[in-house]
Amino acid sequence: MDRHIPRHALPEEIQKMSPEEKVCKYCGVSYLILHEFKAMEEKVKAMEKEMKFYQGSVEREKSLQETLQALSQDFEQYKIDSESKMERLNMLFFSVIYLVGRKVQSIDLT
């Protein structure tokens with residue numbers, strides 16, 4: 001984790017204080033680390049927010065992958081159906097051509 005570097009130097013009167021004056025008499029923790037602690041809390045909040053975003057994106061990606069797979073299967077089925085219908089249309093077209101040709105021949109013969 002990056003070390004927090006304050007933007008402004010401590011006021012001179014705080015710098016001249018003795019260590020006993022800068023710490024909590026009950027727990028011994030320096031009052032001056034409060035700023036660093038608050039900065040770390042903000043970083044943790046930002047990281048938690050980012051993690052929620054990424055967690056959601058993993059779920060969205062899984063859903064999109066499932067949708068893509070279903071659409072791919074549908075596409076393949078439609079492609080097969082289309083090819084089958086095209087073959088039937090070709091057969092019908094050539095049958096009509098043949099029948100028209102026969103009808104023309106019968107008209108020419110009469």
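I began with accessibility, where a residue counts as buried under 20% relative accessible area, as exposed over 50%, and as partly exposed in between. I kept in mind throughout that this is a predicted model.

**Entry on the aromatic rings**

I looked up Tyr-54 and found a relative accessibility of 47%, so this residue counts as partly exposed. I then asked how many aromatic pairs the structure holds, and the count came to two. In one of them, the rings of Phe-53 and Tyr-54 have centres 5.4 Å apart and planes at 65°, and the pair is therefore edge-to-face, since planes over 60 degrees apart are put in that class. I noted the other pair as Phe-93 with Phe-94, where the ring centres lie 5.5 Å apart and the planes stand at 70°, so this pair is edge-to-face as well. I also checked how these two phenylalanines meet the surface: Phe-93 has a relative accessible area of 48% and is partly exposed, whereas Phe-94, at 54%, counts as exposed.

**Entry on the helix and its annotation**

I went to the UniProt record next, where an unreviewed entry places the feature "coiled-coil region" at residues 37-81. Over residues 37-81 I found the chain to be 100% helix and 0% strand, with the C-alpha atoms at the two ends 66 Å apart. Helix α3 covers residues 33-109, and Met-86 is found in that helix.

**Entry on the nonpolar patch**

Which residues make the nonpolar surface patch of about 550 Å²? I listed Met-86, Leu-89 and Leu-92, together with Val-96, Val-100 and Val-104. I looked at Met-86 by itself as well, and its relative accessibility of 48% makes it partly exposed.

**Entry on Lys-25**

I located Lys-25 in the loop between α2 (19-22) and α3, and at 74% relative accessibility I counted this lysine as exposed. I then compared its place in the sequence with its place in space, taking Gln-55 as the partner: Lys-25 and Gln-55 are 30 residues apart in sequence, and 43 Å separate them from C-alpha to C-alpha.

**Entry on charged pairs**

Side chains of opposite charge can pair when their charged atoms come close. I searched for salt bridges, taking a side-chain nitrogen of Lys or Arg within 4 Å of a carboxyl oxygen of Asp or Glu, and the count came to one. Glu-12 forms this salt bridge with Lys-16, and the closest N and O atoms are 2.9 Å apart. Are the two partners buried or exposed? I found Glu-12 to be exposed, and Lys-16 is exposed too.

Conventions. Residues are numbered from 1 along each chain as its sequence is written. This is a predicted model: local features need pLDDT of at least 70, side-chain atom pairs count only at pLDDT 80 or more; totals for chains, interfaces and linings use all residues. Side-chain values use heavy atoms; hydrogens and water are left out. UniProt positions are given in the numbering used here, feature names are shortened, and annotations may be inferred rather than shown by experiment. Helices (H or I, at least four residues) and strands (E, at least two) are DSSP runs, numbered from the N terminus. Rings of Phe, Tyr and Trp (its six-membered ring) pair if their centres lie within 6.5 Å; planes under 30 degrees apart count as stacked, over 60 as edge-to-face and the rest as tilted. Buried means under 20% relative accessible area, exposed over 50%, partly exposed in between (1.4 Å probe, protein chains only). Patches are made of residues with over 30% relative accessible area and no salt bridge: like charges are joined within 9 Å, nonpolar side chains (Val, Leu, Ile, Met, Phe, Trp, Tyr) within 5 Å. Accessible areas come from the Shrake-Rupley method with a 1.4 Å probe; for residues, only the protein chains shown count as cover.
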